Amino acid sequence: MRTNYHRGLAATLVLLVGCADSGPDRAEVFGTVLLDGQPVKEGSINFIPIEGTKGPGAGGVISDGHYLISRANGVTVGKNRVELRAFKMTGRKVQDPTGRPGVLTAERVSAFPPEYNDKSTLVRDIHSGPNEVNFDVRTRGKAK
């Protein structure tokens, strides 16, 4: 009976080891995100595999200029396009898209130019293990 138990345990361990290698290698990624020298109060960051890197995208929340994507939900190891998103208030009031006519709301616009989100040109190589990836995006003085 003990022999059957040991065989079953060994078979289970082989299956677990096999499953661990079946998916893409993922890594923990953390860092800071600054916009014009100031920490991004709240936003999001996404890593999307490109150029032959195979696996799912991964993302996280930016809070007070910091983000952390744990290995469990980690970034696929290899080349990744990075998208940064946050909003800023313009100080204007506009028609509330969900309200009745005449109901105004504070206008919010993307804080990052399109080349940092929808048309991102940011690419980072992610390696196995922990990766510190910081961003300091400068928009002041650039033509929009």
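By class, how many nonpolar, polar and charged residues does the lining of the largest pocket have? Keep that question in mind while orienting yourself in the model, which is a predicted one; the lining turns out to have seven nonpolar, two polar and seven charged residues.

**The whole chain**

Begin with a cartoon of the protein, whose secondary structure comes to one helix and twelve strands, with the helix standing at the N-terminal end of the order of elements and the strands following it. If you then colour by accessibility, 29% of the 144 residues count as buried, and the exposed surface comes to about 9,600 Å², of which carbon and sulfur atoms supply 55%. Among contacts with a separation of 6 or more, 65% are between residues 24 or more positions apart.

**The largest pocket**

Select Val40, Glu42, Ala86, Phe87 and Ala111 next, since they mark the place to centre the view: of the 16 residues that line the largest pocket, these lie nearest its centre. The space in this pocket is about 300 Å³. Strand S3 (38-39), strand S4 (42-49) and S8 each supply at least two residues of the lining, and the most come from S8, which gives five.

**Along strand S8**

Stay with S8 and display its charged side chains, starting with lysine 79, which forms a salt bridge with aspartate 125 at 4.0 Å from N to O. Here strand S8 (residues 78-95) is linked to strand S10 (residues 122-126), the two partners being 46 residues apart. Both ends of this bridge are partly exposed, lysine 79 at 30% relative accessibility and aspartate 125 at 44%.

Move next to arginine 85, whose side chain meets that of aspartate 118 in a salt bridge of 2.5 Å, N to O. Because aspartate 118 lies in the loop between strand S9 (104-110) and S10 while arginine 85 belongs to strand S8, this pair ties together parts that are 33 residues apart in sequence. Aspartate 118 is exposed, with a relative accessible area of 57%, whereas arginine 85 is partly exposed at 27%. Adding Arg81 and Glu83 to the selection brings up a network of salt bridges in which these two are linked with Arg85 and Asp118.

Then select arginine 92 and glutamate 107, which form a salt bridge with their closest N and O atoms 3.5 Å apart. Arginine 92 is in strand S8 and glutamate 107 in strand S9, so this pair ties together parts 15 residues apart in sequence. Why does glutamate 107 count as buried? Its relative accessibility is 17%, and the cut-off for buried is under 20%. The pairs visited here are among the seven salt bridges that a search of the whole structure finds.

**Two loop residues with positive phi**

Finish with the backbone, and select glutamate 51, which has a positive phi of about 50° although it is not a glycine. This residue sits in the loop between S4 and strand S5 (58-63), where its relative accessibility of 63% makes it count as exposed. Go on to aspartate 64, another non-glycine residue with a positive phi of about 50°, which is found in the loop between S5 and strand S6 (66-69). Aspartate 64 likewise counts as exposed, at 51% relative accessibility, the cut-off for that class being over 50%.

Methods
Residues numbered from 1 in each chain as written. Predicted model: local features only at pLDDT ≥ 70, side-chain atom pairs only at ≥ 80, totals over all residues. Heavy atoms only, no water. Helix = DSSP H or I, 4+ residues; strand = E, 2+ residues; numbered from the N terminus. Buried < 20%, exposed > 50% of the residue type's maximum accessible area, 1.4 Å probe, protein only. 1 Å grid on protein atoms, 1.4 Å probe; cavity = no way out; pocket = protein on both sides within 12 Å on 5 of 7 lines; lining within 4 Å. Points joined across faces, edges and corners; volume = space filled by probe spheres on them. Nonpolar A, V, L, I, M, F, W, Y, C, P; charged D, E, K, R; others polar. Contact = heavy atoms within 4.5 Å. Areas by Shrake-Rupley, 256 points an atom, 1.4 Å probe, with all protein chains shown as cover.
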